[in-house]
Structures are given as C-alpha cells and as structure tokens.
Amino acid sequence: MTPGCLIATFLIIGIIFVPFGLFCLQTSNHVAEIIRRYDVDCVPNSYRGNKQAYSKDSLISKNCTLEVKVPDHMRAPIYVYYELENFYQNHRRYVKSRSNKQLCFGAKYTAESCSPIQWDDNGFPIVPCGLIAWSLFNDPYGFTYGSKEIKVNRKNISWKSDREHKFGKNVFPSNFQNGSFIGAE
C-alpha cells in the first residue's frame, strides 16, 4: 500500500458515505420529539418531596390528565416512548431477581432466585416472582386530534422471540396487589 493508494481509497469511501451521512442528517432533522414530565404536574404540592409516600397513600386519587400540544403535523407511524429515571435494570440485584421457568410456565414452578419479591406475607409463592416480573409501567395514556380519539396500536410491541419462547402466553399473576405488596416499594 502506497500513500497515493491509501488516499485514493479514503477519498472513494468518503465520496460514497458523504451522501449517506447527509441523508441520515436530513432524516433525523425531521424527527419530532416532545418530552413531558408528568410526575411534577400530577403529584400534589404536599407530596413533591416524598413521591413514594404519595404512591402508597391509597386515599389520594392517582388520576391525572395532561394536555400536550404538538406544534407540527406528524406523519404516521408515530412512536411513543416513556423514560424512567433512577431505575437501573442492569443492577445485579434486579437482573438476578427472576424465575425463567415461572415466567414461561406459571405457578407450576416455585420460585428459584427471586429475592426480594419471592413469598407473600402468608408464605405463598408470588407468581410471577422477582423484581423483573413486578416492574410494570401501568400508566394509561391516550391521544386525541381535536375531538377525535386516535387509536393506539399495542400489538407486537415486544420481540417475537420473547413472546414465543421466553414468556408464557397463559402466565397470569395469582396474587398481584392482594394487599401485601403496594406499588412504589
């Protein structure tokens, strides 16, 4: 390899990839992103310093409606994401707290390594057990355009391999929120 050959090779590669880079830049400039934190607007002032106490207080309604205006027209498909802060799914304790057999086959398998969420207060196994199974985003949301409701497609939001091989189709919680565990613990 001579210096001239290397320079020519880099120039050819640059000429090929510069249009691709410009295309990617142009495409990313048309992405609309709207970020709205609702944990601030939906938590009463008296609980803003202690959101865990607010989550555990069953006397307070947790319903909150926010309006977010989209400044520009958005073309389909529109993807909705949520972001959780200070939630570490790669923490060792979280990753180890699961039962693969229980997630796939349900209550016929007892808990393996699901600590700290393994047994309820009566000594019965929690199904499904573990922190992973109990990490559930359950905030409902909806969209409207004027007075018309926009339908949200909730199908195929997980990987096909997970649906078919990793998690069972008929695995349902047998003692979910039965009073011994309340959210935000």
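**Notebook: salt bridges**

Aspartate 41 caught my eye to begin with: I looked up its relative accessible area and found 42%, so I noted it as partly exposed. I should remind myself that this is a predicted model.

Next I asked myself: which residue does aspartate 41 meet in a salt bridge? I found that its partner is arginine 36, with 2.8 Å from N to O between the side chains. I then checked arginine 36 for exposure, and it counts as partly exposed too, at 35% relative accessibility.

I wanted to know how many salt bridges a search of the whole structure finds. The search gives 3 of them, so I went on to look up the others, using the rule that the nitrogen must lie within 4 Å of the carboxyl oxygen.

Lysine 69 came up with glutamate 67: I read 3.6 Å between their closest N and O atoms. Are these two residues buried or exposed? I found lysine 69 exposed, with a relative accessible area of 66%. Glutamate 67 is exposed as well, at 59%.

My last entry is on glutamate 164 and lysine 160, whose side chains meet in a salt bridge at 4.0 Å, N to O. Where do these two sit? I located both in helix α6, which covers residues 160-166. They are 4 residues apart there, so about one helical turn separates them. I also looked up their exposure: glutamate 164 is partly exposed, with a relative accessible area of 44%, while lysine 160 counts as exposed at 52%. I noted that lysine 160 gets that label because exposed means over 50%.

Conventions: Residues are numbered from 1 along each chain as its sequence is written. This is a predicted model: local features need pLDDT of at least 70, side-chain atom pairs count only at pLDDT 80 or more; totals for chains, interfaces and linings use all residues. Side-chain values use heavy atoms; hydrogens and water are left out. Buried means under 20% relative accessible area, exposed over 50%, partly exposed in between (1.4 Å probe, protein chains only).
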